[in-house]
Amino acid sequence: MTVAVNPTQTGEPVFYLADEHPHPEGYSTSLGFWIYLMSDCLIFAMLFAAFGVLGANYAAGPAPKDLFDLNLVAVNTSMLLLSSITYGFAMLTMQQNKVAQTQMWLLITGLFGAAFIGIELTEFTHMIHEGATPQRSAFLSAFFTLVGTHGLHVSCGLIWLVTLMIQVWRFGLIEANRRRLMCLSMFWHFLDVVWIGVFTFVYLLGVLR
Amino acid sequence: MSTDSHAAHAGDHHLDDGHAHSTFSGYMLGFVLSVVLTAIPFWLVMSGTLPSKQITALVIMAFAVVQIVVHMIYFLHMSPKSENGWSMMALIFTIVMVVIALSGSLWVMNHLNSNMMPIHEMTGMK
């Protein structure tokens, strides 16, 4: 391509190098978003490490066996798993350019996600009501930080989901919206992967201990 | 992007990588596997079928690892070819970092705990 040379007032040449391979808009978004998810994965790894180190320090307070209701955790896990598959259906209908059906599946995904957050908040308020607050012991501090961070991620995902539903409603399934929906899909499924670690290491192994 | 330019870049497989493998059967297979791989650990812990707690712990951790792989393949569509291998490269790097951070923290802190002087011994030292 052309390299323009403009002599400035001082006489030094200035070089402009044109990009020889213009890339289509958003061609690297999915890789960039994947790298973000990997960095998020490191955050969760640190929180899991903190929980692994502190998880047995009850300070004579309540232990996982006294606090966790595995039936509730099982219901919560199924909510998140169902929201994963319904988001998958939203992606499939998006590929077939069916706007109304995509919106319907996104709405169902959002409802399952909201149910997950609702159940988790109920569990938290129940625990705090019983005196199992984050200040009570190192185990509870680590528990609330880890599970709370995951819940915060899901809440942000819900806000993002509603934003994208408005976007799709106003502009349709344009290329930019498809790209955004694909990023949210990766985010949503990633949160489900993190939840596998949470229910295994925090809840199941906690009750087992 | 308009559909015209999308068609023009049809040879450029970057764009389609993210959802190239999305199929109904793929999602359903992933979902059924996930349900089974979630239900078994919950059942094992809630019923206490296995004789020792240590065996149960190892088994449910193995189920978690398998389920994470299932999610990666069927929901996140990971494959060695996506993004010309760069997403796999980032994933492998992350897994190495996570393993070092987790095992290192648990190992070091466990040794610190066992090397701490127990409280009842300290009260006797005056």
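These are my notebook entries on a two-chain predicted model.

**Ground rules**

I number residues from 1 along each chain as its sequence is written, and chains are lettered from A and ligands numbered from 1 in the order in which they are written. Since this is a predicted model, local features need pLDDT of at least 70 and side-chain atom pairs count only at pLDDT 80 or more, while totals for chains, interfaces and linings use all residues.

**Confidence**

I checked the overall scores: ipTM is 0.85 and pTM is 0.84. For chain B, the average pLDDT (the predictor's confidence in each residue, from 0 to 100) is 81, and 75% of the residues score at least 70. I then looked for the weak stretch and found residues 1-19 of chain B, where pLDDT stays under 50. The model still has 22 contacts beyond four places in sequence for that stretch; I take two residues as in contact if their C-beta atoms, placed from the backbone, lie within 7 Å. Note to self: where pLDDT is low, the predicted coordinates should not be read in detail.

**Chain A, overall**

I counted six helices and two strands in chain A. Helices (H or I, at least four residues) and strands (E, at least two) are DSSP runs, numbered from the N terminus. The order along the sequence is β-β-α-α-α-α-α-α.

I looked up the dimensions next. The C-alpha trace of chain A spans about 75 × 50 × 25 Å along its principal axes. Its radius of gyration, taken over C-alpha atoms, is 23 Å, against near 17 Å for a compact globule of 209 residues; the globule rule is 2.2 Å times the number of residues to the power 0.38.

I also pulled the contact split: among contacts in chain A between residues at least 6 apart in sequence, 77% join residues at least 24 apart. As for burial, 37% of the 209 residues of chain A count as buried. The cut-offs are 20 or more other C-beta atoms within 10 Å for buried, 12 or fewer for exposed, and partly exposed in between.

**A long look at α5(A)**

α5(A) has 34 residues and reaches 49 Å from its first C-alpha to its last. That is close to the 50 Å expected at 1.5 Å a residue, with the expected span being 1.5 Å times one less than the number of residues. A:Gly172 follows α5(A), and its phi is positive, near 80°.

**Two residues in chain A**

Is A:Gly113 buried or exposed? A:Gly113 counts as buried because 24 other C-beta atoms lie within 10 Å. A:Gly113 sits in helix α4 of chain A, and beyond four places in sequence its contacts are A:Ser83, A:Val154, A:Gly157 and A:Leu158.

A:Tyr27 lies in the loop between β2 (13-17) and α1 of chain A. With 15 other C-beta atoms within 10 Å, A:Tyr27 is partly exposed.

**Core**

The largest nonpolar core has 62 residues, and A:Phe143, A:Leu146, A:Phe199 and A:Val202 touch the most other members. Such a core is a set of buried Ala, Val, Leu, Ile, Met, Phe, Trp, Tyr and Cys residues joined through C-beta atoms within 7 Å. The largest share of this core, 18 residues, comes from α6(A). I followed A:Phe199 outward: leaving out residues up to four places away in sequence, A:Phe199 touches A:Val73, A:Thr77 and A:Leu204.

**Interface**

Finally, I found 45 residues of chain B in contact with 40 residues of chain A. α4(B) gives the largest share of the chain B side, twelve residues.
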